[in-house]
Amino acid sequence: MRAVVVTSPGPADSLEAVELPVPSPGPGELTVDVGYAGVGFVDTLFRSGAFGLPTPFTPGIEVTGRVREVGPGVAGFEPGRPVAALLNDFGRGVRAGGYAEVAVAHAAMTTPLPEGADLARMAAVLVNGVTAWIALRDLARLDVHDDVLVLGASGGLGGITGRLAAIHPARRVIAVVGSAGKRLSDTATWTHVVHGTDLGAAVQELTGGRGVDVVVDPVGGPLRTAAYDQLAPFGRLVMLGNASGQDPAIPGDSVWHGTRQLLGLSLGGVAHLVPQRVGAALSALVDLVHRGVLREPAPAILPLDRVAEVHQALEDRTAPAKTVLAVR
Ligand SMILES: NC(=O)c1ccc[n+]([C@@H]2O[C@H](COP(=O)([O-])OP(=O)(O)OC[C@H]3O[C@@H](n4cnc5c(N)ncnc54)[C@H](OP(=O)(O)O)[C@@H]3O)[C@@H](O)[C@H]2O)c1
């Protein structure tokens, strides 16, 4: 099969297209003939060596396609069935990633899709949607009266976080954009859009000096510090990543003096420990998208052999909100 591998970590052009043997599913697993593989910023971190994964490996942690083969002990899936699968359980040492014609998935983190489902659109929402779902529901315990501030709103994770918060609903769903000139296409989602450099003053004005109840933060760096300072009492900061590459310290005293809550989630770090919980969130999310309740924009689609371009654009902050690779 055709696959993209990282043999030694490095820049975007260290992604290499090769021929590999087709993998077989083990117990509790199935293989998927991959139609589309989602690409996210986190893939650039895997590729560059930030997580120290053993090489060679095939990146790609979210796919849609059709079941190819079912492993021992797997029920409810038959060959040919359309499915969506999360593959991000590197904690368990997964063998094959999503940038390949055939991927190995764990049945517990795979969900059937209705025949006729939009496989490209579905591949675009899996990792970010499940992360946002758990962050808003289970961690932030979002309430209809809450004001939510979403950092990195122009990106994949920030965008779907805003759209999920909007249908929850929350009171205000405020987007924070960093790059000058970046425009948000899903304008109906956001009650307000503020620029990162202006964050403190803008939130003060919008909330009458009260601050926000929830900050969802995939960016880190100075934006995290500025957003944390805008949390109202009992406010929750949910940390999901450091796209900025910076992880600023938050003093413990400021947490209890301000009566605030610090929360965090790493889907890839926890998925292999709670696969049923992740699988349940995946099924619920896919259902919301398929029924059109969660209205996800169409992703950009590029062929598998242009994956290096996608990685480079993500690192340059010039990528579309979400890109999927057409694999077959
Ligand atoms: N916790 C989890 O389980 C989980 C799951 C998925 C993703 N993540 C993490 O979430 C983060 C975002 O992922 P994504 O796929 O949404 O990425 P993305 O599509 O590239 O979006 C990231 C956004 O962050 C903003 N940003 C601010 N400073 C930046 C900087 N110095 N470099 C790059 N971007 C910067 C950019 O918006 P502006 O240009 O408008 O500032 C960009 O749109 C990544 O760190 C990823 O690892 C975590």
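**View 1. The ligand and its shell in a predicted model.** Here 28 residues surround the ligand, and the closest are Leu157, Ser179, Leu240, Leu265 and Leu267. Everything in these views comes from a predicted model. If you like to sort a binding shell by chemistry, this one divides into 14 nonpolar, 12 polar and two charged residues. Domain 1 (2–124 + 268–326) and domain 2 (128–265) each supply at least three residues to the shell.

**View 2. Polar atoms around the ligand.** Zoom in on the ligand's heteroatoms and start with Leu265: a backbone N or O atom of this residue sits 2.7 Å from a ligand nitrogen. Ser154 brings a polar side-chain atom to 2.8 Å from a ligand oxygen. At Phe41 the backbone does the job, with a polar atom 3.1 Å from an oxygen of the ligand. On its own the ligand has 910 Å² of accessible area, and the protein covers 90% of that. As for secondary structure, helix 1 (41–48), helix 3 (126–139) and helix 4 (156–167) are the elements giving two or more residues to the shell.

**View 3. Helix 3, one of the shell helices, up close.** How many of the 14 residues in helix 3 are buried? The count is 12, so this helix is mostly covered, given that buried means under 20% relative accessible area. Among the buried ones are Trp133, Ile134, Asn128 and Thr131. From first C-alpha to last, helix 3 reaches 18 Å, close to the 20 Å expected at 1.5 Å a residue. Just past the end of the helix, Arg141 has a positive phi of about 50°.

**View 4. Arg224 and its partners.** Arg224 is part of helix 6. Is this arginine buried or exposed? With a relative accessible area of 2%, Arg224 falls under the 20% cut-off and therefore counts as buried. Look at the side chain to see two polar contacts: one goes to the side chain of Asn242 at 2.9 Å, and the other joins the side chain of Asp247 at 3.3 Å.

**View 5. Leu223, next door in helix 6.** Helix 6 covers residues 221–228, Leu223 included. Leu223 has a relative accessible area of 17%, which is under 20%, so this leucine is labelled buried. Its C-alpha is 8.3 Å from that of Thr197, a residue 26 positions away along the chain.

**View 6. Two cis prolines in loops.** Which bond is cis at Pro56? It is the peptide bond from Thr55 to Pro56, with omega near -5°. Pro56 belongs to the loop between helix 1 and strand 4 (62–70). The peptide bond from His168 to Pro169 is cis as well, with omega near -5°. Pro169 sits in the loop that runs between helix 4 and strand 9 (172–177).

**View 7. Positive phi at Phe234 and Thr259.** Phe234 is a residue other than glycine with a positive phi, near 70°, and it lies in strand 12 (residues 231–239). Its relative accessibility is 58%, and since exposed means over 50%, Phe234 counts as exposed. Thr259 also has a positive phi, near 50°, and belongs to the loop between helix 7 (252–257) and strand 13 (261–264). At 37% relative accessible area, Thr259 is between the 20% and 50% cut-offs and so counts as partly exposed.

Technical notes. Residues numbered from 1 in each chain as written. Predicted model: local features only at pLDDT ≥ 70, side-chain atom pairs only at ≥ 80, totals over all residues. Heavy atoms only, no water. Near = heavy atom within 4 Å. Polar contact = N/O pair within 3.5 Å; in protein donor to acceptor, adjacent residues only side chain to side chain. Areas by Shrake-Rupley, 256 points an atom, 1.4 Å probe, with all protein chains shown as cover. Helix = DSSP H or I, 4+ residues; strand = E, 2+ residues; numbered from the N terminus. Nonpolar A, V, L, I, M, F, W, Y, C, P; charged D, E, K, R; others polar. Domains from an automatic or database assignment. Expected span 1.5 Å × (residues − 1). Buried < 20%, exposed > 50% of the residue type's maximum accessible area, 1.4 Å probe, protein only.
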